[in-house]
Amino acid sequence: MHTLDFEAIGTQWSLTTAAPLSPGTGGAVTELVESYDRTWSRFRSDSTVARMAETAGRFELPASAAPLLRLFDTLQQLTGGAVNPLVGRSLEALGYDAAYTFQRSGPSAPAAAWDDTVSWTADGRGTTLTTSAPVTFDIGAAGKGQLVDLVCAVLDEAGHREYVVDAGSDLRHSGGAPLRVALEHPYDAARAIGVLTLADRALCASAVNRRQWGDGLHHVLDARTGSPVDAVAATWALAPDAMTADGLATALFFTGPEELSRSFTFDYVRMFTDGRADYSPAMAGVLFP
């Protein structure tokens, strides 16, 4: 197997393929990641998202924005507004801002209402998003998963059939030998709460111990209040693609799997802050007693 390691969008990536990547494929991956970051990053001043934070208006986005926005439409409905990509301004208020100050600038602040603030349309040429007020997007709930899928599409286009794309807590496997994956304990990174076998699916995880910068301050916020969640410690979701798995891993902090299963087919593990866990039947054998 051949592995390409690199750092992008604030995390470590690893592409493992049965055949080596050609220079052209490696370059296409680099260009894709840069383009995605230039559109969606709230941490760089030249991004489209940075312009959205300055003024309301119409913004042209790539065609790939449509499935991401459609997923957010569904998740914000199923969670009653708890999952909302306009939560960026709430994160900034708690100190997780573009300058990484990690200093609160005020009380917790709810995100702007998604349906009242944003509308979008799409055709074969691209996606147009319209905002009625300046907003700060944070697509962390599903964006990294989507970028994993887009990288996989580049590999598919280049003829690769056996690979693993690993973007930290987001994984997608295709072809070849199944991958054994440990589910990291949210309170002790040296331990696992279980091990599962990943084959031709995506596994995404989210935990409150990641991107934590103060007492009770972390990146998983309820957009309705702007406050960090405190009942769920970690989630894992298995789905056919990484964008969906990533979004569901976030949504499981706010709503039950039975509600999400109205729109999605997936498996999951959810660990609460009191140590309890619930999981889908297919995941019953992966957790340690």
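**Sheet and aromatic rings**

Student: Hi! How do strands β10 and β15 pair, and over how many bridges?

Tutor: β10 (residues 202–207) and β15 (residues 232–239) are antiparallel partners, with six bridges between them. Two strands count as paired if DSSP finds at least two bridges between them. Strands (E, at least two residues) and helices (H or I, at least four) are DSSP runs, numbered from the N terminus. This is a predicted model, where local features need pLDDT of at least 70, side-chain atom pairs count only at pLDDT 80 or more, and totals for chains, interfaces and linings use all residues. Residues are numbered from 1 along each chain as its sequence is written, and side-chain values use heavy atoms, with hydrogens and water left out.

Student: Which residue in β15 is opposite Ser-206?

Tutor: That is Thr-235.

Student: What does the sheet look like overall, open or closed?

Tutor: Open: eight strands in the order β1-β2-β6-β7-β10-β15-β16-β17, with antiparallel pairing. At the edges, β1 (2–8) and β17 (277–279) each pair on one side only. From one strand to the next, the twist averages 10°; axes are lines fitted to C-alpha atoms, for helices over the stretch in contact, with angles from 0 to 180 degrees between N-to-C directions.

Student: Which strands do helices α6 and α7 meet?

Tutor: Helix α6 (residues 143–157) lies across β2 (11–17), β6 (163–167) and β7 (170–174), at about 150° to β6. Helix α7 (residues 242–251) touches β7, β10 and β15, and its direction makes about 30° with that of β10. Contact here means heavy atoms within 4.5 Å.

Student: New topic: how many aromatic pairs are there?

Tutor: Nine. Rings of Phe, Tyr and Trp (its six-membered ring) pair if their centres lie within 6.5 Å; planes under 30 degrees apart are stacked, over 60 edge-to-face, and the rest tilted. One of the pairs is Phe-43 with Tyr-100, stacked at 5.0 Å centre to centre and 0° between the planes.

Student: Where in the chain are those two?

Tutor: Phe-43 is in the loop between α1 (23–40) and α2 (48–54), and Tyr-100 in the loop between α4 (88–93) and α5 (114–117), 57 residues apart.

Student: Is Phe-43 buried, exposed or in between?

Tutor: Phe-43 is partly exposed, at 28% relative accessible area, and Tyr-100 is partly exposed at 44%. Buried means under 20%, exposed over 50%, and partly exposed in between (1.4 Å probe, protein chains only).

Student: Which charged residue lies over the face of Tyr-96?

Tutor: Arg-42, at 5.0 Å from the ring centre. The criterion is NZ of Lys or CZ of Arg within 6 Å of the ring centre and within 35 degrees of the ring normal.
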